Amino acid sequence: MDEQTAYRRRWGGLAVLVICLLVIVADNTILNVALRTLSDPVLGLGASQSQLAWAINSYTLVFAGLLFTFGVLGDRWGRRRLLVAGLVVFGAASALSAYSQSPEQLVWARAVMGFGASMVMPQTLSVITNVFPPEERGRAIGLWAGAVGLAMAIGPSAGGLLLENFWWGSIFLVNVPFVVVGLALMYVLIPESRDEDAGRPDVVGVLLSIPGLVLIIYGIITAGERASLSDWDVFGSLLLGVAVIVLFLVHEARTPNPSLDVRFFRDPRFSVSIATIMVLFFSMAGIIFFLSFYWQSVREFSPFFAGLLVLPAALGQMIFAPLSPTLVRLLGPRTLAAAGVVAVCCSFVFYTQIAVDTPLPLIIGFFFLQASAMAVVLTPATDAIMSSVPSGKAGAASAVQNTVRQIATAMGVAVLGAVISFHYRAGIAPALRTVAEESEDVGPGELRSAGESIEGTMALARRLGAEGEALVAPAKEAFLAGLHLAALVSLCFGVVGLVVVLVWMPRDAAVHRSDRGDRESEGSGSERPAS
């Protein structure tokens with residue numbers, strides 16, 4: 001596809017990238033609504049709590065661990081080629097997940113899905129950076145960010161709708177037709193692009209990045225599962241992962257052809273945007289994740305209705321993500337980002353007061369505020385990251401941004417989950433002891449499992465029938481107390497993000513370094529045809 005044709009078809013190409021994003025990002029959230037079904041031995045697979053956790057974590061572990069690698073390889077081998085290969089792997093693994101016969105098969109199929117998704121995700125931003133001229137890039141990235149928000153929101157609602165009408169495997173099988181459509185349109189609307197001056201491959205750097213990221217993600221996930229850092233495999237993974245990443249950065253600073261040019265971090269637009277994204281995703285991820293338990297376990301809504309309650313957040317993302325480039329021009333990046341972070345902090349203050357009977361319109365209103373504020377901050381931050389590097393290195397920059405988001409999300413769920421878990425166990429223990437003393441039908445193992453989470457307590461309450469009614473109110477109170485504390489922790493990190501923005505973020509938007517770098521590159525052929 002020649003450059004003129006690619007330019008004319010750029011918005012159609014963006015639509016194809018949105019399809020890719022909808023499938024991959026929605027899959028991160030769609031499984032959450034099916035956990036109860038998958039744990040049922042009749043309706044699901046009879047998966048244990050640990051198996052359910054790893055059905056989610058295997059995807060995250062592989063996805064986050066390979067994002068950087070495939071971002072770099074996309075720059076070198078061709079971004080469309082990686083998009084096509086990733087979609088094929090993701091679609092095939094989705095079908096395998098749908099027809100898994102055991103929890104172990106589901107965990108491995110989900111890991112393969114993460115492998116395919118890691119090939120696709122970094123290429124989407126890279127293609128946008130290479131196809132859209134600077135004056136349109138902010139709007140295109142805004143639509144990209146809106147699609148990410150939409151996918152995160154429609155995942156639970158779509159999953160709930162499918163579970164109410166079909167068997168559990170439908171939440172994975174639904175990916176296949178979207179993959180087929182994306183593949184059919186890919187060769188027509190997406191041009192091939194790569195770094196024409198890639199230099200020698202940085203094999204050592206790529207090989208160091210994989211174990212470093214995998215070890216860190218594994219340590220974070222396992223610490224969150226066990227609510228403890230004391231186990232040798234947890235702190236050992238974290239320490240070894242950090243050591244490998246430090247070695248990776250030292251190597252990248254010294255090699256003549258680095259996969260990640262560490263000089264990018266000297267640009268405040270790049271480094272401050274990365275820091276802002278990391279702080280915000282850390283502070284928000286755990287709260288959003290555990291609010292799904294609030295809907296289904298505290299308010300006792302169905303999975304489908306709980307999923308519908310997330311749609312206002314998608315609406316906020318869809319409205320404000322495309323508008324944020326205009327707001328940046330009017331207010332400047334620092335003022336707009338600071339206002340967005342303040343709005344996010346206001347939502348955390350609200351979550352510290354949420355109760356069993358909080359009016360739904362009020363919760364939905366703060367959901368909308370939170371998502372809109374995140375869109376306002378993340379769209380210009382993403383544009384700043386992609387615009388501060390040469391377009392030939394867009395895959396590496398995109399991979400860094402997405403990797404930071406995944407690590408921050410995993411850390412947020414793990415750390416805030418540990419806060420909620422510690423608080424919940426202490427709060428529910430007296431009620432569980434009382435029930436254990438009054439009922440001879442509760443074994444030590446079941447009692448221990450019931451004390452780990454509100455879902456475990458509610459499962460015991462349902463099994464005991466009338467005797468279990470005494471557990472319901474204490475379980476809800478203990479969970480809400482933990483959620484309030486987690487929201488307070490999130491608020492503290494939100495304030496840290498505000499300080500970072502106010503102190504270090506540039507007041508005005510700068511020249512797009514990616515385009516300046518293109519013009520300075522020999523034979524880059526980066527000039528755009530006139531629109």
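Helix 19, which spans residues 454-464, is mostly covered, with 8 of its 11 residues buried. This and everything below refers to a predicted model. The buried residues of helix 19 are Ile454, Glu455, Gly456, Thr457, Met458, Leu460, Ala461 and Leu464, and the helix is followed by Gly465, whose phi is positive, near 70 degrees.

One of these buried residues, Glu455, is also touched by Phe293, whose contacts, leaving aside residues up to four places away in sequence, are Val298, Glu455 and Phe479. Phe293 itself belongs to helix 12 (residues 268-298), and although Phe293 and Ser453 are 160 residues apart along the chain, their C-alpha atoms are separated by 9.9 Å.

Phe479 appears again in the interior of the model, where the largest nonpolar core comprises 154 residues and where Leu31, Ile287, Tyr294, Phe479 and Leu483 touch the most other members. The element that gives the most to this core is helix 17 (residues 394-438), with 18 residues. Apart from the largest core lies another, of 5 residues, including Phe70, Leu73, Leu82 and Met119. For Ile287, once residues up to four places away in sequence are set aside, the contacts are Phe348, Tyr351, Leu416, Leu483, Ala486, Ala487 and Ser490.

On the surface, by contrast, Val495, Val499, Leu502, Val503 and Trp504 form a nonpolar patch, with about 470 Å² of accessible area together. Trp504 lies in helix 20, which covers residues 469-504, and Trp504 is classed as exposed because its relative accessible area is 53%, over the 50% cut-off.

The cysteines call for a separate remark, since the count of disulfides comes to 0, a pair being accepted as bonded if its sulfur atoms lie within 2.5 Å. For Cys345, the closest cysteine sulfur is that of Cys346, at 7.2 Å, which is too far for a bond. Cys346 is likewise in no disulfide, its nearest cysteine sulfur being that of Cys345. These two residues are set beside Trp504 in the table of relative accessible areas.

| Residue | Relative accessible area | Class |
|---|---|---|
| Cys345 | 10% | buried |
| Cys346 | 37% | partly exposed |
| Trp504 | 53% | exposed |

Cys345 counts as buried because its 10% falls under the 20% limit, whereas Cys346, at 37%, falls in between the two limits and is therefore partly exposed.

Definitions and conventions: Residues numbered from 1 in each chain as written. Predicted model: local features only at pLDDT ≥ 70, side-chain atom pairs only at ≥ 80, totals over all residues. Heavy atoms only, no water. Core = buried A, V, L, I, M, F, W, Y, C linked by side-chain atoms within 4.5 Å. Buried < 20%, exposed > 50% of the residue type's maximum accessible area, 1.4 Å probe, protein only. Helix = DSSP H or I, 4+ residues; strand = E, 2+ residues; numbered from the N terminus. Contact = heavy atoms within 4.5 Å. Patch = residues over 30% accessible without salt bridge, like charges linked within 9 Å, V, L, I, M, F, W, Y side chains within 5 Å. Areas by Shrake-Rupley, 256 points an atom, 1.4 Å probe, with all protein chains shown as cover. Salt bridge = Lys/Arg side-chain N within 4 Å of Asp/Glu carboxyl O.
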